[in-house]
Amino acid sequence: MKFFFMLLFGVLLSQCTMAQNTFKAKVVNDQTKVTLKGATATIPGLKLTISADTAGLINITNIPNGRFQIEIAYVGFATSTKVYSFPMRDADKVIEVSLEPSTGELAEVTIQTTRTNQNLKDVPTRIEALPLEELDEKSIMRPGDIKMLLGEATGIHVQQTSPVSGTASFRIQGLDSRYTQLLQDGMPLYTGFSGNLSLLQISPLNLKQVEFIKGSASTLYGGGAIAGLVNLISKVPEKEPELTFLLNGTSARGADASVFYGQKWQHIGTTIFGSYNYNGVFNPSDNSFTAIPKTNRFSINPKVFLYMDDHNLGWFGVNTTYENRLGGDLKVIDGKADDVHQYFEKNKTFRFSTQLSLTHKIDEESRVNFKNTVGYFDRQLGQPGFDFKARQLSSFSELSYVRNGEKASWVAGANLVTDHFTAEPPQNNLNYNLTTIGAFAQNTYKAASWFSLETGLRLDDNTPVPHKPASGLFFLPRINALFKLTDRLTSRIGGGLGYKMPSLFNDESERDGYQHIQPLNTGNTQAEQSYGLNGDLNYRGALGDEIFVNINQLVFYTKVDKPLILQNNAFMNAAGHLITKGAETNIKLVMDELVFYLGYTYTDTKRFFNGLTDIQPLTPKNQFSFDSTYEIEGRFRFGAESFYTGRQLLSDGTTGRGYITFGLLAQKMWKHLDVFINAENLTDQRQTRWGAIYSGSITRPDFKDIYAPLDGVVVNAGIRIKLLNK
């Protein structure tokens with residue numbers, strides 16, 4: 001009997017020994033083949049994590065028989081994820097694992113704006129993307145809106161349209177804000193009367209990605225994208241639930257509270273975003289006017305996602321925002337108005353919109369998509385002796401077919417856009433209706449491993465029709481080419497046509513407050529039409545063993561014929577054209593946990609009207625940006641940034657001075673809690689320090705162009721609570 005138990009014990013011991021396997025790997029840089037010491041290998045199923053030694057070697061022992069996913073990661077590189085079967089055929093073999101440097105915009109990012117859901121590095125159209133990792137940093141710098149997020153991008157300039165209400169718009173490559181489309185999930189939600197408030201009413205906490213297209217993009221989404229477009233991609237539910245609270249306070253008497261919840265089950269999912277934003281009256285100067293108005297805003301955005309089967313999915317959402325914004329003379333805001341102190345600007349807005357998206361997957365390569373949004377926007381704009389109340393009801397519907405093949409991808413579809421604007425008497429002469437029916441097709445053809453070509457065509461029909469020569473019908477071709485010159489060097493070249501229907505809604509109308517604007521006669525006004533070209537060169541690679549670099553150089557050119565200008569309070573076509581041209585330089589350096597970013601934008605925008613040439617006002621010719629971040633993932637982040645904005649010509653013929661701003665950020669992260677503090681404009685650059693921002697009396701001020709900050713040094717601090725993190 002004793003012999004039997006010893007034999008049985010020996011057999012069991014041998015079986016256990018045989019079931020314990022070893023994984024051996026050497027981790028190297030995919031481009032330089034240099035070993036990556038300190039890389040980590042994780043087997044989630046066994047909750048094992050091992051670091052590579054000084055020779056880049058990983059040795060994981062005691063792995064049972066079976067199939068296990070192994071993730072190998074290194075800071076600054078794309079993660080390798082593969083499934084291995086144990087026991088392995090050659091148990092003593094050292095597997096070489098090559099990691100690709102992920103230096104900037106050519107990392108693994110899926111693009112949605114072109115509708116094909118391709119990888120960013122394979123799309124011929126030049127697109128810039130801010131993924132979730134970068135949005136995470138931006139969301140704590142200004143949690144209440146996306147004004148800073150857009151303003152820090154090269155080639156984009158945020159322009160404040162009111163000195164006391166804080167309203168702002170953004171310009172791409174020197175062109176007015178009316179030439180830019182702002183989308184959310186591929187649908188235009190912020191247009192017309194709501195355009196100048198949209199930047200201030202969108203929170204970054206609800207976003208997972210932001211995509212920019214600079215240059216004519218009218219072929220993609222219709223009129224209005226002469227300068228380009230910005231597509232805000234919302235978060236979607238994941239299997240792992242997310243519940244995040246963000247609380248923030250500022251030295252400028254502001255407070256933000258927001259919450260995001262998302263979870264996906266087998267056939268249904270949901271995301272719910274809600275926020276409350278408050279700001280008290282703030283004025284760091286002694287000019288008696290608000291630099292930041294008194295603001296109260298509530299937002300709620302619930303969505304339901306349906307995963308019906310392997311071929312059908314969709315989602316439906318509702319977006320509601322209410323805001324009360326009051327700026328102007330400090331005594332008026334405090335309820336102490338008198339015969340001298342009377343000036344104020346009041347913005348009361350209510351936005352309600354629905355969004356619907358349905359997708360039917362035909363097979364592995366093709367699908368049909370339907371999108372629809374209906375938006376209602378109610379705005380009351382008040383000034384002394386003037387009250388402007390108006391409503392905008394708009395809709396967007398699109399049906400498209402997408403086919404992604406190995407060599408060619410196709411997108412074809414049609415859309416319907418309606419815009420109905422109604423103002424209350426006596427401004428009801430500003431009422432208008434616009435309907436646009438469009439059809440589009442685009443093809444991406446991978447002719448060779450080094451060359452891809454993307455072509456597109458759109459035909460839009462607008463009612464009512466503008467004056468000749470377009471007569472409401474616009475034919476919009478575009479073409480973009482991608483050249484993969486080497487493994488490290490790529491180039492994109494492209495161009496297209498664009499148009500913009502005549503509209504009252506632009507920065508000049510906002511500055512006027514719609515008090516003196518005359519009705520627009522669409523039938524006697526020509527649509528603005530454009531021709532745009534751009535090209536870039538992109539290098540990504542290694543400088544030695546430790547530094548990875550991504551350099552992108554872009555040049556651009558856009559011409560707009562007969563642009564709409566304001567003369568004697570009436571909009572009319574200028575006798576001539578405007579041209580914007582310039583260059584953008586972006587450099588990103590990654591050194592382990594340390595990242596440096598440098599950007600430069602040169603913009604030369606000129607107007608050629610009535611045989612005369614002049615510079616377009618409020619367009620800085622030179623802008624520099626610098627950003628550095630030191631981050632230990634999941635533990636700590638420290639950042640410093642600085643921006644230079646060059647001199648700008650102002651509408652009154654004077655020149656605004658150039659200025660430099662500087663900011664710092666510190667963030668400590670734990671599993672369920674982040675604590676952060678951020679300081680902006682530490683150099684206290686304020687236009688009110690350099691002179692008066694208005695002429696005339698304090699009772700009836702005539703405000704000058706706002707080209708620099710008014711709020712000065714602002715420090716914000718807060719916490720982010722992540723309750724469902726695992």
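This is a guided tour of the structure above, giving at each stop what to select and what is found there.

The model is predicted, so that local features are taken only where pLDDT is at least 70 and side-chain atom pairs only at pLDDT 80 or more, while totals for chains, interfaces and linings use all residues. Residues are numbered from 1 along each chain as its sequence is written, and side-chain values use heavy atoms, with hydrogens and water left out.

**Stop 1: the nonpolar cores**

Begin by selecting I146, L150, F170, V210, F212, V230 and L232, which touch the most other members of the largest nonpolar core, a set of 32 residues. A nonpolar core is here a set of buried Ala, Val, Leu, Ile, Met, Phe, Trp, Tyr and Cys residues joined through side-chain atoms within 4.5 Å, where buried means under 20% relative accessible area, exposed over 50%, and partly exposed in between, with a 1.4 Å probe and protein chains only. To see which elements feed this core, colour α3 (147-151), β9 (156-160), β10 (168-172), β13 (207-214), β14 (228-234) and β18 (294-307), each of which supplies at least two of its residues. Helices (H or I, at least four residues) and strands (E, at least two) are DSSP runs, numbered from the N terminus.

Now centre the view on F212 and show its contacts, a contact being heavy atoms within 4.5 Å. Leaving aside residues up to four places away in sequence, F212 touches R126, I127, E128, L130, L150, A153, I156, L229 and V230. Apart from the largest core lies another one, of 24 residues, and V27, A52, I70 and V97 are among them.

**Stop 2: a four-stranded sheet**

I70 leads on to strand β5 (residues 66-73), which is joined to β6 by seven bridges, with the two strands running antiparallel. Two strands count as paired if DSSP finds at least two bridges between them. Select I70 together with K82, its bridge partner in β6. Widening the selection brings in an open sheet of four strands in the order β3-β2-β5-β6, with antiparallel pairing. Its edges are β3 (48-51) and β6 (80-86), each of which pairs on one side only. Neighbouring strands of the sheet are turned by 25° against each other on average, direction ignored; the axes are lines fitted to C-alpha atoms, for helices over the stretch in contact, and angles run from 0 to 180 degrees between N-to-C directions.

**Stop 3: further antiparallel pairs**

Next select strand β25 (residues 451-463) and strand β26 (residues 473-484), which run antiparallel and are joined by eleven bridges; R458 stands opposite L476 in β26. From β26, continue to strand β27 (residues 489-500), which runs antiparallel to β26 with seven bridges between them. These two strands form a hairpin with four residues between them, and the bridge partner of N480 in β27 is G494.

Further along the chain, select strand β29 (residues 547-561) and strand β32 (residues 576-591), an antiparallel pair joined by 14 bridges, in which V549 has L589 of β32 as its bridge partner. β32 also pairs with strand β33 (residues 594-609), in the antiparallel sense and over 16 bridges, and G582 has T603 of β33 as its bridge partner. Between β32 and β33, which form a hairpin, there are two residues, and D592 in the turn has a positive phi of about 55°.

**Stop 4: salt bridges**

The structure holds 31 salt bridges, a salt bridge being a side-chain nitrogen of Lys or Arg within 4 Å of a carboxyl oxygen of Asp or Glu. Select E152 and K138 to see one of them, at 2.5 Å, N to O. Because E152 lies in the loop between α3 and β9 and K138 in helix α2 (residues 132-141), the pair ties together parts that are 14 residues apart in sequence. E152 counts as buried at 13% relative accessibility, and K138 is buried with a relative accessible area of 15%.

Then select E528 and R178, whose side chains meet in a salt bridge at 3.1 Å, N to O. E528 lies in strand β28 (residues 528-543) and R178 in the loop between β10 and β11 (180-184), so this pair ties together parts that are 350 residues apart in sequence. E528 counts as buried at 1% relative accessibility, as does R178 at 10%.

For another link between distant parts of the chain, select D185, in the loop between β11 and β12 (187-188), and K303, in strand β18, which are 118 residues apart. Their side chains meet in a salt bridge at 3.2 Å, N to O, and both residues are buried. Finish with D136, E631, R637, D674, R720 and K722, which are linked in a network of salt bridges.
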